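This report covers side-chain contacts, backbone angles and surface patches in one protein model. Please keep the sequence and the 3D view open while reading.

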Amino acid sequence: MRNHSVEAPRTILVIGGGVIGLSCALALQRLGSAVTLVEASAATRAASWGNAGHIATEQAEPIASPRMVRSAARRLFLRGGALALPPSQIAHWLPFALRLTRAATPARFEQGRTALSALLAQAMPAWRRYVADIGAPDLLREDGHIVVWETPESAAAGLAAWRAADIGTTRFTPLTEGELSALRHHIAAPLAGGIRFIGSGQVADPGRLASTARAAFLAAGGTERIATVTAIDAGSATLADGTRLTADRVVLAAGTGSAALLRPHGVKVPIIAERGYHLQSPPGAAWPADLPPIVFEDRSMIVTRFESGLRAASFVEFAGHAAAPDPRKWARLRGHAAALGLPMADAESWMGARPTLPDYLPAIGAAAGILCAFGHNHLGLTLAPITAEAMAALASGTAPPVDLTRLAPDRFGRGL
């Protein structure tokens, strides 16, 4: 859905240049507004660009669910799982975990699923529009993804779980013995079963996505400032050097930093840094270019082939944004890669913080006169274009493409 309005603001500041902020800046620019994008760093090291590249339209159920709460103990890192609760970071994750538990009641989960499903139903069409707008349709690959299991027991349990799950607009089919046999040529570990999703996708390369979108923004007349924002209000942003930028509207897309910028306005945003880790091989890794992302569910790991190399990503680590990385996470990833026979001996390591709210829904809407687009947890890449279209609608005073009531940025202060 496109929104063009004579009421569009003449000038707009977008705070945050990750995949959400950059997408919003492009959408707002198409309204005819003069857009300035303010980002703390020119380097693409944030979670926006370190993810698995998976457009996860199948994840229609918020992670904050009764099932997740019941299974949390057996998913802990210390028991071989992906969920890490570092004792030194208990002041960060314990209050968050208590809020998550309250958000995961059956009634609130169903409300969240309705809101999230509406966004995800439009995610892939919005992605098609987005890559067309930046002149790079080949950045979007709609080849689905694969989930595999390594034992008959986990294959049976995994297949049953997916059959019972809400997978939105996607569907899946079990892998045939021939398809499993073909995968076994590239994977050293045994494969007992798998499924292939249809309707999900990936980006060809996160780095090329970042550079192409940024170039399109600048070429269309956008302005970029590399600076740290220390304060905002409905019509301005103050930079660390004291400079004050003004505009008709301000859009906040600063990830985990968004809460601190809203706090002076009395808006309670219990966001946490949910950190993920990855390894990435250099370009030219010996891995078939036509394989879609593969989820090794027994290992809680996803492997994606990009133009820039092969990436293996995992872990859900709740901590403060500035906490030091845990080298054990990379060591476990390297162990998994070796066991699977992945060509990652020379892989580089990375860690980044996903901005996550307790109900695992994004914050999209207005608060204190500021337009907000943050808190997308694992779905930042997936939901970036549809979030941008919603921001353009809100900025121009037209109806957003989905009902944003359940996603209000100030919902935690109102008991939603």
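The text below treats salt bridges, aromatic pairs, backbone angles and surface patches in turn.

The model is predicted, and local features need pLDDT of at least 70, side-chain atom pairs count only at pLDDT 80 or more, and totals for chains, interfaces and linings use all residues. Residues are numbered from 1 along each chain as its sequence is written, and side-chain values use heavy atoms, with hydrogens and water left out.

**Salt bridges**

The structure holds 20 salt bridges, a salt bridge being a side-chain nitrogen of Lys or Arg within 4 Å of a carboxyl oxygen of Asp or Glu. Side chains of opposite charge can pair when their charged atoms come close. Three of these bridges are listed here.

| Salt bridge | Closest N to O distance |
|---|---|
| Glu389 and Arg129 | 2.9 Å |
| Asp138 and Arg208 | 2.9 Å |
| Arg411 and Asp359 | 2.8 Å |

In the bridge between Glu389 and Arg129, Glu389 belongs to helix α12 (residues 380–396) and Arg129 to helix α6 (residues 123–133), so the contact ties together parts that are 260 residues apart in sequence. Helices (H or I, at least four residues) and strands (E, at least two) are DSSP runs, numbered from the N terminus. Glu389 is buried at 5% relative accessibility, while Arg129 is partly exposed at 23%. For these classes, buried means under 20% relative accessible area, exposed over 50%, and partly exposed in between (1.4 Å probe, protein chains only).

The side chains of Asp138 and Arg208 also meet in a salt bridge. Asp138 sits in the loop between α6 and β5 (140–141) and Arg208 in helix α9 (residues 206–219), so this pair ties together parts 70 residues apart in sequence. Both partners are partly exposed: Asp138 has a relative accessible area of 46%, and Arg208 has one of 22%.

Arg411 and Asp359 form a further bridge. This pair links distant parts of the chain, with Arg411 in the segment after α12 and Asp359 in the loop between β19 (348–356) and β20 (363–367), 52 residues apart. Arg411 is buried at a relative accessible area of 0%, and Asp359 is buried at 4%. Elsewhere, salt bridges that share partners join Glu61, Arg67, Glu110, Arg113 and Asp166 into one network.

**Aromatic pairs**

How many aromatic pairs does a search of the whole structure find? The search finds 7. Rings of Phe, Tyr and Trp (its six-membered ring) pair if their centres lie within 6.5 Å; planes under 30 degrees apart count as stacked, over 60 as edge-to-face and the rest as tilted.

One of the pairs is Trp162 with Phe197, edge-to-face at 5.0 Å centre to centre and 75° between the planes. Trp162 is in helix α7 (residues 152–164) and Phe197 in strand β8 (residues 193–198), distant parts of the chain that lie 35 residues apart. Trp162 and Phe197 are both buried.

Phe197 also pairs with Phe172: the ring centres are 5.3 Å apart and the planes are at 55°, so this pair is tilted. Phe172 is in strand β7 (residues 171–174), 25 residues from Phe197 in strand β8. Phe172 is buried with a relative accessible area of 17%, and the value for Phe197 is 0%.

Ring pairs further link Phe77, Tyr277, Phe315 and Trp330 into a cluster.

**Backbone**

Most residues other than glycine have a negative phi, and most peptide bonds are trans. Phe315, a member of the ring cluster, has a positive phi of about 85°. Phe315 is in strand β18 (residues 309–319) and is buried at 4% relative accessible area. Ser300 likewise has a positive phi, near 50°. Ser300 lies in the loop between β16 (294–296) and β17 (301–306) and is partly exposed at 33% relative accessibility.

Gly16 is in the loop between β1 (11–15) and α1 (19–29) and is buried at 6% relative accessibility. Gly16 and Ala40 are 24 residues apart in sequence and 7.4 Å apart in space, C-alpha to C-alpha.

**Surface patches**

Patches are made of residues with over 30% relative accessible area and no salt bridge; like charges are joined within 9 Å, and nonpolar side chains (Val, Leu, Ile, Met, Phe, Trp, Tyr) within 5 Å. Accessible areas come from the Shrake-Rupley method with a 1.4 Å probe, and for residues only the protein chains shown count as cover.

Ile90, Leu94 and Leu98 form a nonpolar surface patch with about 250 Å² of accessible area together. Ile90 lies in helix α4 (residues 90–103) and is partly exposed at 41% relative accessible area.
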